[in-house]
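This report looks at a pocket, a sheet and some points of backbone geometry in one protein chain.

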Amino acid sequence: MKGMKERLVKKIKLITTVKTLKQSLTLHKSTIDRTIHHLRDEIVAESGQSKGCVTPTLLELEDAEEHNLEEERGILLEFKENCPPGGEDSVVFYTTGLRSVRKTFEACRRVRFLLENHQVMYRERDVSMDSEFREEMWRLLGGKVTSPRLFIRGRYIGGAEEVVALNENGKLKKLLQGISQVDSPCESCENERFLICSSCNGSTRLLAEHHDEESSNDNMWTRCRECNENGLVKCPLCT
């Protein structure tokens with residue numbers, strides 16, 4: 001009889017504990033609900049919308065995306081249309097790898113750092129490695145200007161000072177939106193932008209097809225037409 005009473009007391013205590021726990025959970029849920037409703041009302045009041053669901057609709061998301069695209073186009077139109085070859089929908093960066101003029105080299109490095117920081121793909125054209133790039137840059141800008149020079153989607157953005165200023169006021173990020181992101185180094189050149197000419201192995205010279213014993217040693221060779229003055233060819237994937 002005593003054992004039955006003890007078991008009954010334990011059951012009563014358990015029921016009381018469970019009931020108290022349920023009450024606590026209900027009170028906690030009610031508090032959370034009031035907090036959510038209060039926050040929702042604040043958001044609605046700040047936005048000027050009617051009360052209801054505050055989750056953005058698909059139409060609202062599309063409108064926001066369209067607004068962002070219009071803002072990007074508006075910023076892009078601030079710059080002069082001047083499209084380098086292959087730069088209609090990409091980033092083209094004229095630079096130099098020569099360290100002889102430290103100021104120019106450092107300016108190029110700053111612009112490259114910003115482009116890499118935004119993790120976008122860009123076509124780097126080193127004017128010190130290929131005179132064709134230098135002539136191309138001069139032709140686009142109408143004079144013998146120095147690098148760096150940046151073009152985005154067929155628009156001339158400017159040199160290092162302009163690019164740094166655009167980055168500081170947040171416009172550079174908007175100009176680069178929509179440009180393909182960098183995922184891995186170029187499979188062909190490992191981001192070196194150039195490859196050694198396979199025809200002359202970088203020597204820039206080829207053995208002439210027709211020569212006789214009386215020909216001079218210089219006449220035995222001809223200029224390789226596949227590469228530039230440094231025996232290099234442009235990477236077909238990233239330049």
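## Pocket, sheet and backbone

The largest pocket has a volume of about 520 Å³, a value computed, like the others in this report, from a predicted model. Its lining is made up of 23 residues, and those nearest the centre of the pocket are Met121, Tyr122, Val182, Arg193 and Cys238. Helix H3 (102–117) and strand S2 (123–126) are the elements that give two or more residues to this lining. Sorted by class, the lining residues of the largest pocket are 10 nonpolar, five polar and eight charged. Where does the largest pocket lie with respect to domain 1 (74–176) and domain 2 (185–208 + 222–238)? Because both domains give residues to its lining, the largest pocket lies between them.

Strand S2, which contributes to that lining, also belongs to an open sheet of four strands, whose order is S2-S1-S3-S4 and whose pairing is mixed. S2 and strand S4 (155–158) stand at the edges with a single partner strand each, and therefore one side of each is left without a neighbour in the sheet. On average, neighbouring strands of this sheet are turned by 25° against each other, when direction is ignored. Strands of a sheet pair through backbone hydrogen bonds, in either a parallel or an antiparallel manner. The table gives the pairings of this sheet.

| Strand pair | Bridges | Direction |
|---|---|---|
| S1 (residues 91–95) and S2 | four | parallel |
| S1 and S3 (residues 149–152) | four | antiparallel |
| S3 and S4 | three | antiparallel |

Phe93 can be followed on both sides of strand S1: its bridge partner in S2 is Glu124, and in S3 it stands opposite Leu150. Between the parallel strands S1 and S2, the chain crosses through helix H3, and this β-α-β crossover is right-handed. Helix H3 is thus named twice here, as the link in the crossover and as a contributor to the lining of the largest pocket.

At the other side of the sheet order, Ile152 of the S3–S4 pairing has Arg155 in S4 as its bridge partner. The hairpin of S3 and S4 has two residues between the strands, and within this hairpin Arg153 takes a positive phi near 50°.

Most residues other than glycine have a negative phi, and most peptide bonds are trans. A further positive value is found at Arg193, a residue other than glycine, with phi near 75°. Arg193 is placed in the loop between helix H6 (171–176) and strand S5 (194–196), and Arg193 is also one of the residues that lie nearest the centre of the largest pocket.

Which form does the peptide bond from Ser147 to Pro148 take, cis or trans? The bond is cis, with omega near 10°, and Pro148 is found in the loop between helix H4 (131–141) and S3.

Definitions and conventions: Residues are numbered from 1 along each chain as its sequence is written. This is a predicted model: local features need pLDDT of at least 70, side-chain atom pairs count only at pLDDT 80 or more; totals for chains, interfaces and linings use all residues. Side-chain values use heavy atoms; hydrogens and water are left out. On a 1 Å grid over the protein atoms alone, a cavity is a set of points where a 1.4 Å probe fits but cannot get out, and a pocket is an open set with protein on both sides within 12 Å along at least five of seven lines; lining residues have an atom within 4 Å of a point. Grid points are joined across faces, edges and corners, and a volume is the space filled by probe spheres set on the points. Ala, Val, Leu, Ile, Met, Phe, Trp, Tyr, Cys and Pro count as nonpolar, Asp, Glu, Lys and Arg as charged, and the others, Gly among them, as polar. Domain bounds come from an automatic or database domain assignment. Two strands pair if DSSP finds at least two bridges between them. A crossover is right-handed if, with the strands pointing away from the viewer, the path from the first strand over the helix to the second runs clockwise. Axes are lines fitted to C-alpha atoms, for helices over the stretch in contact, and angles run from 0 to 180 degrees between N-to-C directions.
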